Amino acid sequence: MIVAERKPFEEIYNNVRKHKSILVLGCGSCVTVCMAGGEEEVGILSSQVELGAREKGDDISVIGHTIKRQCDVEFFDDETAKKIEQVDAVVSMACGVGVQFCVERFPDAIVYPALNTSFYGATMEQGVWAERCAGCGECVIEEFGGICPITRCSKSLLNGPCGGSDSGKCEVDPENLDCAWQLIIDRMDKLGRLEELEQVRPPKNWSKNRDGGPRTITREDKRL
Amino acid sequence: MNKDPIIIAFCCHYCAFTAADLAGTMRQQYPTNVRIVRLPCTGKVDIGMLLHAFVSGADGVMVAGCEEGSCHFLTGNLRAVKRVAKAKKLLAETGVNPERLDMFHIAASQGPLFAQTATEFTERIKGLNMEISENADQDVSGPEKTSQNCKPMEKNT
């Protein structure tokens with residue numbers, strides 16, 4: 001899922017205080033799971049804006065609303081469209097995709113992001129999320145025993161480890177960050193495939209990553 | 001500013017709520033400003049609930065749960081401590097004094113402690129309300145200083 005974190009209140013409030021009425025629009029997918037922009041967080045931000053406005057003497061009315069997904073057109077239903085038309089600005093609690101899609105769907109609306117979109121990650125435990133995919137466009141995980149060197153190695157090395165690996169930890173953050181290449185070697189050893197790592201990997205084709213510009217996937221068999 | 005503050009007390013059924021009941025049985029006096037919301041455990045408290053109390057007009061919110069190590073559900077009160085701490089930060093961001101929210105640990109047998117805590121917390125909130133009123137009297141030039149901290153809740157009598 002896409003993992004995000006809420007922006008500081010001050011940054012959000014500096015945007016919304018320019019308007020008389022706002023809609024705090026939550027997203028019921030990834031950012032609900034990572035507890036950053038779901039129904040609960042919409043309630044919290046709405047309350048904060050109301051309290052902030054009261055403290056600062058601003059006149060802002062706040063509506064909260066959450067839809068299933070902000071990255072699919074069908075979830076922007078009539079009810080949501082009406083609410084967006086009613087207000088001066090929308091504060092989207094979706095990831096960067098949802099915020100932009102909301103703008104594309106409602107070109108006349110002023111939409112502010114409430115989250116900083118961070119990474120594609122997994123829930124390690126409640127309240128802890130970790131990056132597991134870099135969306136590089138050409139998955140090589142199988143060659144490394146199921147551990148992605150692009151995402152989990154700080155240098156994205158395909159032929160590691162580097163000299164910064166010490167006692168299984170990465171020099172970037174020795175307290176908290178495992179060396180991905182230590183994990184890969186341990187895993188490949190366990191699988192009995194250690195000799196495969198003797199092979200030197202050629203440079204990866206990064207044109208399928210962001211280096212090739214913004215990406216689009218088109219599937220004619222699925223188009224209507 | 002409301003000189004007769006509204007205090008919402010989220011109380012655990014197994015300890016603080018029973019303590020409040022005991023305080024009554026023992027004829028202990030505590031301010032009538034305190035309005036108790038009974039919860040099955042303070043682990044039921046979430047941040048949205050605490051902020052919503054302030055939005056709805058509460059001047060102060062107390063969360064009263066079991067003593068550490070005594071939670072009927074083992075760790076509910078410890079979770080509440082963390083959520084109250086986070087809610088205090090969120091309140092401070094908006095400009096609301098975080099002293100208006102606090103967590104207390106009161107066992108079921110501590111009726112007098114509940115009465116004492118409710119009284120002291122009410123006095124604290126009255127003091128904070130007074131500070132705002134005094135600031136408003138001293139400087140009426142800017143809307144930020146004259147704004148009310150919390151609007152009065154409609155009284156249910």
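Two strands pair if DSSP finds at least two bridges between them. Strands are DSSP runs of E of at least two residues, helices runs of H or I of at least four, and both are numbered from the N terminus. The model is predicted: local features need pLDDT of at least 70, side-chain atom pairs count only at pLDDT 80 or more, and totals for chains, interfaces and linings use all residues. Residues are numbered from 1 along each chain as its sequence is written, while chains are lettered from A and ligands numbered from 1 in the order in which they are written.

**Exercise 1. Trace the antiparallel sheet of chain A.**

Step 1. Start with β1(A) and β6(A). Five bridges join them, and the strands run antiparallel. A:Ile2 stands opposite A:Tyr120 of β6(A).

Step 2. Add β7(A). Strand β6 (residues 115–125) of chain A pairs with β7(A) over five bridges, again in the antiparallel sense. In β7(A), A:Trp129 is the bridge partner of A:Thr123, and A:Val128 is that of A:Glu125.

Step 3. Inspect the link. β6(A) and β7(A) form a hairpin with two residues between them. A:Gly127, in the turn, has a positive phi of about 95°.

Step 4. Assemble. The result is an open sheet of three strands, in the order β1-β6-β7 (chain A). β1 (2–6) and β7 (128–133) of chain A each have a single partner strand, so one side of each is left without a neighbour in the sheet. The twist averages 70° from one strand to the next. Such angles run from 0 to 180 degrees between N-to-C directions, with axes fitted to C-alpha atoms, for helices over the stretch in contact.

**Exercise 2. Order the parallel sheet of chain A and place two helices on it.**

Step 1. Read the order. Four strands form an open sheet, β3-β2-β4-β5 (chain A), with parallel pairing.

Step 2. Find the edges. They are β3 (61–67) and β5 (111–113) of chain A; each has a single partner strand, so one side of each lacks a neighbour in the sheet. The twist averages 25° from one strand to the next.

Step 3. Check one pair. Four bridges join β2 (residues 21–27) to β4 (residues 89–92) of chain A. A:Val24 has A:Val91 of β4(A) as its bridge partner.

Step 4. Add the helices. Helix α1 (residues 9–16) of chain A packs on the sheet and touches β2, β4 and β5 of chain A; its direction makes about 160° with that of β4(A). Contact means that C-beta atoms, placed from the backbone, lie within 7 Å. Helix α5 (residues 96–105) of chain A lies across β2, β4 and β5 of chain A, at about 175° to β5(A).

**Exercise 3. Describe how chain A meets chain B.**

Step 1. Count. 14 residues of chain A are in contact with 18 residues of chain B.

Step 2. Assign elements. α1 and α3 (39–56) of chain A each give two or more residues to the side of chain A that touches chain B. α3(A) gives the most, with 11 residues.

Step 3. Set the geometry. The axes of α3(A) and helix α2 (residues 47–55) of chain B come within 9 Å and cross at roughly 30°. That makes α3(A) roughly parallel to α2(B). The angle classes are roughly parallel under 35 degrees, roughly antiparallel over 145, roughly perpendicular from 65 to 115, and oblique for the rest.

Step 4. Name residues. Those in the contact include A:Ile44 and A:Leu51 of α3(A), and B:Leu51 and B:Phe54 of α2(B).

Note on methods: Contact = placed C-beta atoms within 7 Å.
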